[in-house]
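These are my notes from a first reading of a structure, set down in the order in which I looked things up. I began with the aromatic rings, then turned to charges over rings, cysteines and enclosed space.

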Amino acid sequence: MLLEPRAFFARANSVIMQPTGPLHAITWFISNLGHALDPRFLFLDFGKVNNLSVARLLLCSAPFSLIGLVALLWPRSRWSWEDRALLLGSALICLLPSALSREGLNALRMSGCALVFPLIAVIGAAQIYLWLQDADRRRLADACTALVMIAMTTEGAINIVRYVRSPELILAGQQYYLCTTSQWLVENGKGYDRVWIETAGNQPDLYVAAFTGITPREFQQTERFVTTNGIWDYCARMGRYSFGSRHDAVRAWNSTARHERWLLINTDLSLHVELKE
């Protein structure tokens, strides 16, 4: 952070909102908070991918979340001010990374809410239990508690089954193709002077290094050509591996390396072409 502040704050500088003035900043922030707290996003979007997230909260927890929020905000609530401030403050802190970003709705940046929001639902369920207990309905309170546990367990199990049976959801945003392509190169990339990988995804050079067996020491010693846009660095070449468009590959081979044997592939292996005279 001290030696390379530009690199340390690169992601923050590239994603944080850039308002034109105080009023714009306030309205933008409130709008982002509204999107993050939209019940459709929180409870109804299972299967819709948002930045590595395929689900947020259980639908059956929605009424308890609302009751819990009211219980925390109610001035004469039975919960202490310290506990309420801690929980609501934690929720706000977890929302800030998403609320302050340009794109607004980002489940990965608000992932801390996955720990805090269920606690608010628990407060709601506990509040109902206490109301029933105060009304001398202990058996009804116990029965409701059992039903809530059954509903949450059932919905959670259904969502897990839907997830593990869906390759699309499992692989969403995971760049698994970069793993399999790099492993494919271990055997099929032998004998080539250069392997050109049509760029897709994020940091393909690290996947190639990890899954072709390049050790950390070899990685540090390998010649790398890196370009930058002022915020992000992009690896254009790492040893005999190059990254870029297929047109750049053909142009580079035609102009400087027609005597060499190159392999041109893309990351899902639908393209693998040998370049040689």
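**Aromatic pairs.** I looked for aromatic pairs in this model, which is predicted, and found that the structure holds two of them. In one, the ring centres of tryptophan 196 and tryptophan 262 lie 5.9 Å apart and the planes meet at 20°, so I entered the pair as stacked. I then checked where the two partners sit along the chain: tryptophan 196 belongs to strand E1 (residues 194-198) and tryptophan 262 to strand E5 (residues 262-266), so that 66 residues separate them and the pair links distant parts of the chain. Both tryptophan 196 and tryptophan 262 are buried.

The other pair joins tyrosine 207 and phenylalanine 211, and I noted it as stacked too, with 6.5 Å from centre to centre and 15° between the planes. Because tyrosine 207 and phenylalanine 211 are four residues apart in helix H11, about one helical turn separates them. Phenylalanine 211 has a relative accessibility of 32%, and therefore I list this residue as partly exposed.

**Charges over rings.** I next looked up charged groups above aromatic faces, and found arginine 84 over the face of tryptophan 81, at 3.9 Å from the ring centre. I also found the charged end of arginine 261 over the ring of tyrosine 192, at 4.1 Å from the centre of that ring.

**Cysteines.** How many disulfides does the structure hold? I counted zero. For cysteine 60, which is in no disulfide, the nearest cysteine sulfur belongs to cysteine 144 and is 14 Å away. For cysteine 94, the closest cysteine sulfur is that of cysteine 113, and at 5.0 Å the two are too far apart for a bond, since a disulfide needs the sulfur atoms within 2.5 Å. Cysteine 94 has a relative accessible area of 17%, so I recorded it as buried.

**Enclosed space.** Last, I searched for cavities of 30 Å³ or more and found one; the largest cavity has a volume of about 30 Å³. Which residues line the largest cavity? I wrote down Leu178, Thr181, Ser182, Ile197, Pro204, Val208 and Thr267. Helix H10 (176-188) and helix H11 (204-211) are the elements that each give two or more residues to this lining, and H10 gives the most, with three residues. Sorted by character, the lining of the largest cavity has four nonpolar residues, three polar and no charged.

Methods. Residues are numbered from 1 along each chain as its sequence is written. This is a predicted model: local features need pLDDT of at least 70, side-chain atom pairs count only at pLDDT 80 or more; totals for chains, interfaces and linings use all residues. Side-chain values use heavy atoms; hydrogens and water are left out. On a 1 Å grid over the protein atoms alone, a cavity is a set of points where a 1.4 Å probe fits but cannot get out, and a pocket is an open set with protein on both sides within 12 Å along at least five of seven lines; lining residues have an atom within 4 Å of a point. Grid points are joined across faces, edges and corners, and a volume is the space filled by probe spheres set on the points. Ala, Val, Leu, Ile, Met, Phe, Trp, Tyr, Cys and Pro count as nonpolar, Asp, Glu, Lys and Arg as charged, and the others, Gly among them, as polar. Rings of Phe, Tyr and Trp (its six-membered ring) pair if their centres lie within 6.5 Å; planes under 30 degrees apart count as stacked, over 60 as edge-to-face and the rest as tilted. Buried means under 20% relative accessible area, exposed over 50%, partly exposed in between (1.4 Å probe, protein chains only). A charge sits over a ring if NZ of Lys or CZ of Arg is within 6 Å of the ring centre and within 35 degrees of the ring normal.
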